[in-house]
Amino acid sequence: MTRLTVLCGGLGGSRFVDALARAAGPESVTAIGNVGDDVEPLGLHVSPDLDTVLYTLAGLLDEERGWGVRDETTSALRMAEALGAETWLTLGDRDIGLHLVRTALLREGRPLSETFAYLADRIGVDVRLLPATDDRLRTFLETPEGELDFQTWFVRRRHADRVLGVRFDGAEAARPAPGVLDAVADADTVFLAPSNPFVSIGPILAVPGLREAVAARREHVAAVSPIVAGEAVRGPLAGMLSSLGHEPTAVGVARLYVDVAGTFVLDEGDAALAPEVEALGLRAVVAPVVMIDPEMREDVGRAVLEAVR
């Protein structure tokens, strides 16, 4: 059986995990997810990036919004709002149900990795979902308005503030979750999903030992471009690349991964950039990477797997 490990975060990451699972079979795929976005609104532990992977694979994701459960209601949140709670982070009723169960399990003393194994099993997802770490790690962004935690910057302030720096609080003391290093070491191919390299992949590689583990497999690591024709498929990445001093193109992303990836996957629309990527010391391959339509994902997964062989 082919073993595929994906470092992922955000909607692009969840769609790519889904594409590989459809193409190679879910039992072949391990997803290592970002926990830097995790947040505790109203006392509930929410893991937005891994939850999006979970919902995508379970066929529950609201594909139009790109987060949460489709056909959702918000009665619980409206009651909380009426009682004076801050409700800028929208949580649907069924979504809250998942957060209640996870929070209860964590309070029992179970680590986050164990709770995700439980949730995936109960919801019928066969892809192995692993948080990068069971320890607390949170992403903060330096902006002209001061330092903001990720969810305040991304959701409450709608990522309008210019990003001048990124910090991963708690990273130095964090340890890879059980199974994470083995998943990297044992994979036939390790993928860096088409996720934001600063706030989705960055927090994963910030966990001590993880960047080194991925770099040790460099010739078997393929990074997939989250930039197509100079634009992020979704989200604020293009602006972040510019504000942090990088070229806002697929080549700019490739430069960020030179030390950890041996292959870089460009979208067909950026095929002309292959020589620039090759000049960085990366093998450039071309395959479709836009996979918004779920019906397209198996074809995208097969094309990427064929391209990186």
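1. The lining of the second largest pocket splits into five nonpolar, two polar and four charged residues. This is a predicted model, and the points below concern its two largest pockets.

2. The second largest pocket holds about 190 Å³ of space. Its lining includes Thr2, Leu4, Ala23 and Ala24. Asp188 and Thr189 also line this pocket. Arg302, Leu305, Glu306, Val308 and Arg309 complete the list.

3. Which elements give two or more residues to this lining? They are H1 and helix H13 (297–308). H13 gives the most, with four residues.

4. Now the largest pocket. About 1100 Å³ of space lies in it. Its lining takes in 44 residues. Nearest the centre of the largest pocket are Leu11, Gly66, Trp67, Phe154 and Arg234.

5. Several helices each supply at least two residues to the lining of the largest pocket. They are H1 (10–24), H2 (48–57), H4 (93–107), H6 (150–156) and H8 (197–205). Which of the elements gives the most to this lining? H2 does, with five residues.

6. By residue class, the lining of the largest pocket has 21 nonpolar, 15 polar and eight charged residues.

7. One element deserves a second look. H1 supplies at least two residues to the lining of the largest pocket, and H1 also gives two or more to the lining of the second largest pocket.

Conventions. Residues are numbered from 1 along each chain as its sequence is written. This is a predicted model: local features need pLDDT of at least 70, side-chain atom pairs count only at pLDDT 80 or more; totals for chains, interfaces and linings use all residues. Side-chain values use heavy atoms; hydrogens and water are left out. On a 1 Å grid over the protein atoms alone, a cavity is a set of points where a 1.4 Å probe fits but cannot get out, and a pocket is an open set with protein on both sides within 12 Å along at least five of seven lines; lining residues have an atom within 4 Å of a point. Grid points are joined across faces, edges and corners, and a volume is the space filled by probe spheres set on the points. Ala, Val, Leu, Ile, Met, Phe, Trp, Tyr, Cys and Pro count as nonpolar, Asp, Glu, Lys and Arg as charged, and the others, Gly among them, as polar.
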